[in-house]
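Please look through the model below with its interior in mind, since the paragraphs that follow move from enclosed spaces to nonpolar cores and then to a set of paired strands.

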Amino acid sequence: MADKRRNSFDDLNWGRLNLVSAQDQIDGLNSWKVTYPHGERMVRVSCRALPELGVPHGIDNDVSSALIDYFMSLGLPDDGEMNLSVSELMQLAGFHRTGKYREMMLVSLDRLHTTSYEIAGGWRDHPNRRWTTAKFHFIELLEYTHQGESGKFDERTMLRVRLAEPLVASLRSGYTKPLNIEFMQSLSRPRTRIIFRLLDAMRYNPESPDEIIDEFEIGIIEWADLCKLPNTRPDTIRRALEAPHEELKRRGYLRAVTIEGRGRNQRLRYEFAPEFTPVSPALLARLRTHGVTDGVSRQLARQYTSSILMARIDQFDRLVRSGTLTIRKTAAHALVHLIRNPDQYPDAQSGRVVTLHPPASPLPRQPAPEPDLPTWAEELGVLSPEDAATFTVKRIALLFARRFTTSELDQLRHQVLHGVTDPAQLLTEAHHRLVRIEAQQFVDELKARLRAGMDGEPVPPLQLA
């Protein structure tokens, strides 16, 4: 819980299609439609938005990436629903937590909730190796709490969001890619962040996501369509791309950008810096299970292909299971050594065994001691009151899925934040009740406490089993 690293991912369908226009201002634009070839397929994508809100653009990219990131951090709930506070979503999206940004967040969520998308022949059903047509709103359900009848977000606002079914299915199928969300959020303009996210997704072969390219070439008009830039004059497109290109080169993401040809036949060529070599999600997950850090994983990905790395991880797992390889330091250290020095380890094909050290005398295996896990009080004690309240609500919502309303979760966060409810005691009791198969009794008692708080009555003490 205390690990603050953001191992973020993006959906490969959403990332490659780029359904958020790379414009800072849209000037009343409430629909767009693009058609472009991709290999033997023709992809048609259209967007229809409410006139008063306009098409998703600018910061909607940050909000959509934050929601996908949060959904994955929850373990990909199959109903696509998640509960979180607006302050937490603002933090995940890289927003300042002020009233102005709360208003921007509300408008952005409304746009993502009300805008309709239709993708013909471009939405990937990867497990079945099929291209499909999908029609959806990015957010299918949006519910939130607020003060009185204002309808506006405030500091206490809790959100309930349900993502579109095609998006949930895509994410749950593992059709994802790593996303350096901290780097993206550090870029200066929304347009640059959108183009970075699109470029990063285009590095992946949509039919074989483990194949990653270091160079990418595309026609300037087709690229404008993918960026959802409405003006198709080549000189206007080049001006719109100039500042993002310069920043991405200056920041080390792009090694070079070249433009060749004339008029509408111009072509863009992107060369990616090796320092930003992405790692396939499947490979990254396997390296993480052995404790290999993401930084080391990226170094390995620059040196070896995914197939080689996967084969050597398989070899490492076989050797450890058979007892042929003894881990003397850490699993991460041993695995990286095997990857870089495969000749010093057993060769399964030739039956040859080469060891680094003389085999030690076998020792009787002793059961590993049970680790001393920190208590909830110790874990929550290192957090700020707001972070502790946010974590408590997230945990309760996960443990008791869909049993608490958005208003009840709002009240729970408020009670924890103001010291009415001890979060450590609450979480300890919640887990005890689940073990004793007393979940409904716990839910009923907690709901009674929350109702008392909402009605302005004294909050009864938490009943401990």
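By class, how many nonpolar, polar and charged residues does the lining of the largest cavity have? The lining has four nonpolar, three polar and one charged residues, and the reader should keep in mind that this count, like everything below, comes from a predicted model. The residues concerned are W14, G15, N18, V20, N61, I194, R197 and L198, and the elements that give two or more residues to this lining are α1 (12-17) and α7 (190-202). Of the contributing elements, α7 gives the most, with three residues. The space enclosed in this largest cavity is about 40 Å³.

A search of the whole structure finds two cavities of 30 Å³ or more, and the second largest holds about 30 Å³ of space. Its lining is made up of N83, L84, S85, E88, M158, A389, T390, V393, K394 and R413, with β4 (81-85) and α15 (385-399) as the elements that supply two or more residues. Here α15 gives the most, with four residues, and by class the lining of this second largest cavity has four nonpolar, three polar and three charged residues.

From the cavities we can turn to the nonpolar cores. In soluble globular proteins, nonpolar side chains tend to be buried together. In this model the largest nonpolar core has 82 residues, and the members that touch the most others are M105, L109, L199, W223 and Y270. For M105, once its neighbours within four places in sequence are left aside, the contacts are V63, V86, L89, M90, A93, F95 and F153. Another core, of 25 residues, lies apart from the largest one, and includes A388, A389, A430 and L450; A389 is also one of the residues that line the second largest cavity.

The last region to follow is built around strand β14 (residues 267-272), which pairs with strand β12 (residues 215-219) in the antiparallel sense over five bridges. In this pairing, G219 stands opposite R267 of β14. Strand β13 (residues 254-260) is also joined to β14, by six bridges and again antiparallel, and within that pairing A256 has E271 as its bridge partner. These two strands, β13 and β14, form a hairpin with six residues between them, and in its turn G261 has a positive phi of about 95 degrees.

Terms used
Residues are numbered from 1 along each chain as its sequence is written. This is a predicted model: local features need pLDDT of at least 70, side-chain atom pairs count only at pLDDT 80 or more; totals for chains, interfaces and linings use all residues. Side-chain values use heavy atoms; hydrogens and water are left out. On a 1 Å grid over the protein atoms alone, a cavity is a set of points where a 1.4 Å probe fits but cannot get out, and a pocket is an open set with protein on both sides within 12 Å along at least five of seven lines; lining residues have an atom within 4 Å of a point. Grid points are joined across faces, edges and corners, and a volume is the space filled by probe spheres set on the points. Ala, Val, Leu, Ile, Met, Phe, Trp, Tyr, Cys and Pro count as nonpolar, Asp, Glu, Lys and Arg as charged, and the others, Gly among them, as polar. A nonpolar core is a set of buried Ala, Val, Leu, Ile, Met, Phe, Trp, Tyr and Cys residues joined through side-chain atoms within 4.5 Å. Buried means under 20% relative accessible area, exposed over 50%, partly exposed in between (1.4 Å probe, protein chains only). Contact means heavy atoms within 4.5 Å. Two strands pair if DSSP finds at least two bridges between them.
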